[in-house]
Amino acid sequence: MYPDSIKALIESFKYLPGIGEKTAERLAFSVLDLEDEQIEMFSDSLMEVNKKIRRCSCCNSLTDQDLCYICSDHQRDLTTLCVVEDSKSVFLFEKIGLFHGKYHVLNGLISPLDGVNPEDIGLSQLLDRIHKEKFKEIIFAFKPSIEGETTALYIKKVLDGLDIKVTRLASGVPIGADMEFVDSLTLERALNDRKIIE
Ligand SMILES: [Zn+2]
């Protein structure tokens with residue numbers, strides 16, 4: 001019933017999470033109301049993101065450079081490493097602006113039930129880094145879940161014998177919560193009250 005180009009636009013919006021048929025239709029029709037230059041910016045930014053965004057060669061976070069701005073920043077505390085499960089968490093921490101160390105982004109968390117094993121989440125890059133750089137503390141900032149727990153304990157075990165303090169965020173971050181929905185005050189407390197993993 002729709003012209004092909006509108007149909008294609010609707011289908012494109014449906015690639016995005018949480019967007020069903022109805023919302024996709026609504027979004028597609030609102031695109032029709034945009035000014036030419038807004039549409040140009042929209043389509044250019046999609047292309048740019050696709051072309052330029054890649055993984056930082058050091059921390060594995062998303063960047064449009066070889067090294068992300070955090071890895072290239074020599075003013076940061078080089079002794080503290082915050083390990084997170086995805087790039088979104090880095091942006092979240094940066095937004096609250098309380099953590100001044102470095103980050104490392106894993107490709108998700110260990111989840112044997114879903115067939116995700118330690119070798120699938122990029123641990124070797126993390127371990128290489130830990131052996132090369134001079135971290136005194138490693139903070140696991142995963143969402144509170146069995147997967148987060150499993151991953152933290154696994155890495156802690158691998159690091160056994162190294163002279164590095166290993167901590168995790170304090171509870172306060174609700175179990176099962178997605179990190180992106182945790183408010184900044186909760187996250188700030190969780191970071192300040194972090195606990196040593198025994
Ligand atoms: Zn980086």
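This is a short walk through a predicted model, from the overall layout to the sheet and then to one pocket.

Ground rules first. Residues are numbered from 1 along each chain as its sequence is written, and side-chain values use heavy atoms, with hydrogens and water left out. Because the model is predicted, local features need pLDDT of at least 70 and side-chain atom pairs count only at pLDDT 80 or more, while totals for chains, interfaces and linings use all residues.

Now the overview. The protein has seven helices and seven strands. Those are DSSP runs, numbered from the N terminus: helices are H or I with at least four residues, strands are E with at least two. Reading from the N terminus, the order is α-α-α-β-β-β-α-β-α-β-α-β-α-β. Along the principal axes, the C-alpha atoms fill a box of roughly 65 × 35 × 35 Å. There are 198 residues, and 37% of them count as buried. Buried means under 20% relative accessible area, exposed over 50%, partly exposed in between, with a 1.4 Å probe and protein chains only. Next, contacts, meaning heavy atoms within 4.5 Å. Take those with a separation of 6 or more: 57% come from residues 24 or more positions apart.

On to the sheet. Five strands make up an open sheet, ordered E4-E3-E5-E6-E7, with mixed pairing. Which strands stand at the edges? Strand E4, residues 102-105, and strand E7, residues 195-196. Each has a single partner strand, so one side of each is left without a neighbour in the sheet. Helix H4, residues 87-96, packs on the sheet and touches strand E3 (80-84) and E4. The direction of H4 makes about 155° with that of E4. For that angle, axes are lines fitted to C-alpha atoms, for helices over the stretch in contact, and angles run from 0 to 180 degrees between N-to-C directions.

Let's go strand by strand. Pairing here requires that DSSP finds at least two bridges between two strands. E3 and E4 are parallel, over four bridges, and Cys 82 stands opposite Tyr 103 in E4. E3 also pairs with strand E5, residues 137-140, again parallel over four bridges. There, Leu 81 faces Ile 138, and Val 83 stands opposite Phe 140. E5 in turn runs parallel to E6, joined by four bridges. Ile 138 sits opposite Val 166 in E6. Then the sense changes: E6 (residues 165-168) and E7 are antiparallel, joined by two bridges. One bridge pair there is Arg 168 with Lys 195 in E7.

How covered is E3? Mostly: five of its five residues are buried. Thr 80, Cys 82 and Val 84 lie on one side, Leu 81 and Val 83 on the other. E5 is also covered on both faces, with Glu 137 and Ile 139 on one side and Ile 138 and Phe 140 on the other, all buried.

Last, a pocket. The second largest one has a volume of about 240 Å³. Helix H1 (4-13) and helix H3 (36-52) are the elements that give two or more residues to its lining. H3 gives the most, with four. Among the lining residues are Leu 9, Phe 13, Val 31, Ile 39, Phe 42 and Leu 46. By class, the lining has eight nonpolar, two polar and no charged residues. A pocket is an open set of points on a 1 Å grid where a 1.4 Å probe fits, with protein on both sides within 12 Å along at least five of seven lines; lining residues have an atom within 4 Å of a point.

Key. Grid points are joined across faces, edges and corners, and a volume is the space filled by probe spheres set on the points. Ala, Val, Leu, Ile, Met, Phe, Trp, Tyr, Cys and Pro count as nonpolar, Asp, Glu, Lys and Arg as charged, and the others, Gly among them, as polar.
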